[in-house]
Amino acid sequence: MSAGEQEETVAGEQGEATAETAEDTAVTAGRRGDGPVADGTPTDGRRAGGLRVTGLSVVLDRRTVLSDVGFDVRAGGWLAVVGANGAGKSTLLRAVAGVLPHAGEVLVDGAQVRRLSPRRRARLIAYAPQSPALPADMTVFDYALLGRTPYIPYFSREDRRDREVTASVLERLDLTELAARRLGHLSGGERQRVVLARALAQQAPVLLLDEPTTALDLGHQQQVMELVDRLRLADGLTVVTTLHDLSLAGQYADAMVLVSGGRIAAAGAPAEVLTGELIGEHFDARVRVSTGPGGRPEVHLERP
Ligand SMILES: Nc1ncnc2c1ncn2[C@@H]1O[C@H](COP(=O)(O)OP(=O)(O)OP(=O)(O)O)[C@@H](O)[C@H]1O
C-alpha cells in the first residue's frame, strides 16, 4: 500500500464536473471551478493535455491541508506553484497525480481522472515526487524503464521501443554513463534526475514536477528546466511544477499560483504574483523584484 493510500481522506463535498461556459473559465483563483489560465487564454479543459482542477480539498490526519483549490492550465502551458514551507504545494501535486485521496475533480482533456484505471491515468499524468524512496539495488536504467509500465501489456515484457525511449531520456538528462549504476550509489542530484527520467519516460501529456531542481547544481538546473521547456514547446507537454526558486519559476512558467495555508492566495502571470507585497506577506521575506529579459520578474533577497 502506498503512503498516499494510508493517509486520511477527503474534505467537503465532491467537486463539480467540468464547466463548459465562458463564464466558468473566468480567472478567479480559489473558487470552485475557476482558476488562472496558463497564458491568459480561456481553456475549455478539452484540448490535448489541458488540465482543470476544481474544488480540490485534502484532509491529512484530521487536518484540512488543502481547501477548495481550483485552476486551469492550457495544453502546453507551464504553471508554477509557489508558496512558503508547509503551504500545501506538494500535497496539491500529489492530489492532482492521484496518489492522495481528495475531494474535488481533476480533469485532463475533460476526462475525470479519478474514473480512469491507474494504467490509463499514468498515460495522462506523469508525476516526479520531491524525494521518493528508491530501491537501492535497482539500476538507473531499470528504474527509468518503470515509466514505460503503462504501455507494457499485462504478462509481457518491455519491447525495443520502451528501451529506446528510456535510453533517449537518460541521454537527454546526462545519465547514460550511469545507466548500469545502482540507485543506492548515486548522489542527491543524480537521484533527482533519475526520478525525472522515469516521469519523462512515461510520455504523458501532463507532467507534474515537485521541486525538480532543489538538489541540482546550476548547470543541471538549467539543463532540466530547458529540457522540460523544449518538450513543452515541441510536444505540447503541460507542465505543473512547484519551485522554491521564485526567479527560476518566473523565468519559465507562463502562469503562477501562490498557495498559502492550503488555499490559493494569488494567481495570474508571474509578474502579477511575484510582487514585493505578496512575497512579503506570504513568505515573511524582504525582497526586491526587478524586471528581467522579456519582462519576467526577478526576485532578490534584501537584508532587513
Ligand atoms: N501525512 C500528513 N499528515 C498530517 N499532516 C501532513 C501530512 N503530510 C503533510 N502534512 C502537513 O500538510 C501541510 C502541507 O504540506 P506540504 O508538504 O504540502 O507543504 P509544501 O508547501 O510542499 O512545503 P515545503 O515547501 O516545505 O515542501 C504541512 O503543514 C504538513 O506538515
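Author: Between two helix axes, angles under 35 degrees count as roughly parallel, over 145 as roughly antiparallel, 65 to 115 as roughly perpendicular and the rest as oblique. The model is predicted, with local features needing pLDDT of at least 70, side-chain atom pairs counting only at pLDDT 80 or more, and totals for chains, interfaces and linings using all residues. Residues are numbered from 1 along each chain as its sequence is written.

Reader: Why are H5 and H6 called oblique to each other?

Author: The axes of H5 (residues 160–172) and H6 (residues 188–201) cross at roughly 140° and come within 9 Å, where axes are lines fitted to C-alpha atoms over the stretch in contact and angles run from 0 to 180 degrees between N-to-C directions. The two helices are therefore oblique.

Reader: Which residues make the contact of H5 with H6?

Author: From H5 come Val 165, Thr 166, Val 169 and Leu 170, and from H6 Ala 197, Leu 200 and Ala 201, a contact meaning C-beta atoms, placed from the backbone, within 7 Å. They divide into six nonpolar, one polar and no charged, with Ala, Val, Leu, Ile, Met, Phe, Trp, Tyr, Cys and Pro counted as nonpolar, Asp, Glu, Lys and Arg as charged, and the others, Gly among them, as polar.

Reader: What makes up the shell around the ligand?

Author: That shell divides into three nonpolar, six polar and four charged residues, and its largest share, three residues, comes from H2.

Note on methods
Helices (H or I, at least four residues) and strands (E, at least two) are DSSP runs, numbered from the N terminus. Two residues are in contact if their C-beta atoms, placed from the backbone, lie within 7 Å.
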